[in-house]
Amino acid sequence: MGRMLKNKKILLHICCASCAAYVIEFLQKEGLKVEAIFYNPNIHGEQEYKNRLRDVEILCQKTGVHLIVPPYDVKAYFNRLYNYEKRHYRSIENLPKLRCAECYKLRLNYVARYAKKNGADMFTTSLLISPYQQQSLIWQIGAEAGNKYSVPFYFRDWRKGYFRSMHQARNMGLTVPKYCGCVYSIKERQEKKL
Ligand code: SF4
């Protein structure tokens with residue numbers, strides 16, 4: 001596998017620095033040329049967005065990865081949920097499976113389109129490392145986005161590297177976020193604490 005991938009260009013969607021630390025290391029060891037993109041309109045609050053972006057910039061600088069940063073477009077996230085609710089006549093705020101599927105679709109379609117337009121051979125996401133994410137759904141949505149834009153989705157189950165990744169991030173002085181990103185995930189975390 002490693003030899004086949006050597007020198008291929010991969011566009012990595014980074015959700016946060018603490019998930020991406022191990023993933024970048026893994027992909028670079030495979031011999032892939034890694035470029036990264038921070039497209040996360042789901043993140044709630046501009047300050048939180050800036051904090052996570054700053055950490056991703058530090059990580060990319062330390063690992064020699066070129067980072068693409070599209071504008072922070074929080075409206076794109078809420079529009080996506082709103083359009084789903086309008087089509088299906090139901091609220092999905094409190095239904096994580098449906099809500100997260102829309103969130104993955106928004107981000108992975110953007111990244112697939114960008115990858116195709118900019119000559120990447122494949123794309124992937126650091127979301128695949130998190131045991132808190134719905135990995136098979138990400139795989140399915142990533143593959144669909146890949147088919148749509150004719151650029152393969154690179155799937156790997158990186159969950160075994162999750163704690164190593166957190167450790168790597170902390171060693172670089174980076175923050176490990178305590179919730180996924182959207183306003184609903186903040187609420188869900190607070191409810192769990194209670
Ligand atoms: S919990 Fe995470 S994946 Fe789900 S909608 Fe919120 S930000 Fe997106």
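Visitor: Which helix gives the largest share of the shell around the ligand?

Guide: In this predicted model, the residues around the ligand are N42, P96, R99, C100, C103, C180, G181, C182, Y184 and S185. Two elements, α5 (96–117) and α8 (183–193), each give two or more residues to that shell. The largest share, four residues, comes from α5.

Visitor: How many residues of the shell around the ligand are charged?

Guide: The shell, which includes R99 and Y184, can be divided by class into nonpolar, polar and charged residues. Six of its residues are nonpolar and three are polar, while the number of charged residues is one.

Visitor: Is R99 buried or exposed?

Guide: R99, one of the residues around the ligand, is found in helix α5. Leaving aside its neighbours within four places in sequence, R99 is in contact with L81, I92, E93 and Y184. Because 21 other C-beta atoms lie within 10 Å of its own, and 20 or more are required for the term, R99 is buried.

Visitor: What distance separates the C-alpha atoms of R99 and T63?

Guide: R99 belongs to helix α5, whereas T63 is among the residues of α3 that meet α2. Along the chain R99 and T63 are 36 residues apart, and the separation of their C-alpha atoms is 33 Å.

Visitor: How are α4 and α5 oriented to each other?

Guide: The axes of α4 and α5 come within 10 Å and cross at roughly 130°. An angle of that value is neither over 145 degrees nor between 65 and 115 degrees, and α4 therefore counts, in its relation to α5, as oblique.

Visitor: Which residues of α5 make the contact with α4, and what is the handedness of the crossing?

Guide: On the side of α4 the contact is made by A76, Y77, R80, L81 and Y84, and on the side of α5 by R99, E102, C103 and L106. By class, this contact has six nonpolar, no polar and three charged residues. The α5 residues asked for are thus R99, E102, C103 and L106, and the crossing in which α4 passes α5 is right-handed.

Visitor: Is K75 buried or exposed?

Guide: K75 is found in helix α4, which covers residues 74–88. Its C-alpha atom is separated by 8.9 Å from that of N42, although K75 and N42 are 33 residues apart along the chain. Because K75 has 10 C-beta neighbours inside 10 Å, and 12 or fewer is the condition for the term, K75 counts as exposed.

Visitor: How are α2 and α7 oriented to each other?

Guide: The axes of helix α2 (residues 17–29) and α7 come within 7 Å and cross at roughly 105°. A17, S18, C19, A21 and Y22 in α2 meet R164, S165, M166, Q168 and A169 in α7, and by class this contact has six nonpolar, three polar and one charged residues. Because angles of 65 to 115 degrees share one term, α2 and α7 are roughly perpendicular.

Visitor: How is α2 oriented to α3?

Guide: Helix α2 and helix α3 (residues 46–63) pack with their axes 9 Å apart, at an angle of about 15°. Since this angle is under 35 degrees, α2 is, in relation to α3, roughly parallel.

Visitor: Which residues of α3 meet α2?

Guide: The crossing of α2 and α3 is right-handed. From α2, the residues that take part are A17, A20, A21 and I24, and those they meet in α3 are D55, V56, L59 and T63.

Visitor: Which residues does F155 touch, not counting residues up to four places away in sequence?

Guide: F155 has its place in the loop between α6 (135–149) and α7 (162–171), and because it has 18 C-beta neighbours inside 10 Å, F155 counts as partly exposed. The C-alpha atoms of F155 and W139, 16 residues apart along the chain, are separated by 6.5 Å. With residues up to four places away in sequence left out, F155 touches L128, W139 and G142.

Visitor: What is the phi of S150?

Guide: Most residues other than glycine have a negative phi. S150, in the loop between α6 and α7, counts as exposed because it has 9 C-beta neighbours inside 10 Å. Its phi is a positive value in a residue other than glycine, near 55°.

Methods
Residues numbered from 1 in each chain as written. Predicted model: local features only at pLDDT ≥ 70, side-chain atom pairs only at ≥ 80, totals over all residues. Near = placed C-beta within 6 Å. Nonpolar A, V, L, I, M, F, W, Y, C, P; charged D, E, K, R; others polar. Axes fitted to C-alpha atoms, helices over the stretch in contact; angles between N-to-C directions. Left-handed = near helix turned anticlockwise from the far one by under 90°. Contact = placed C-beta atoms within 7 Å.
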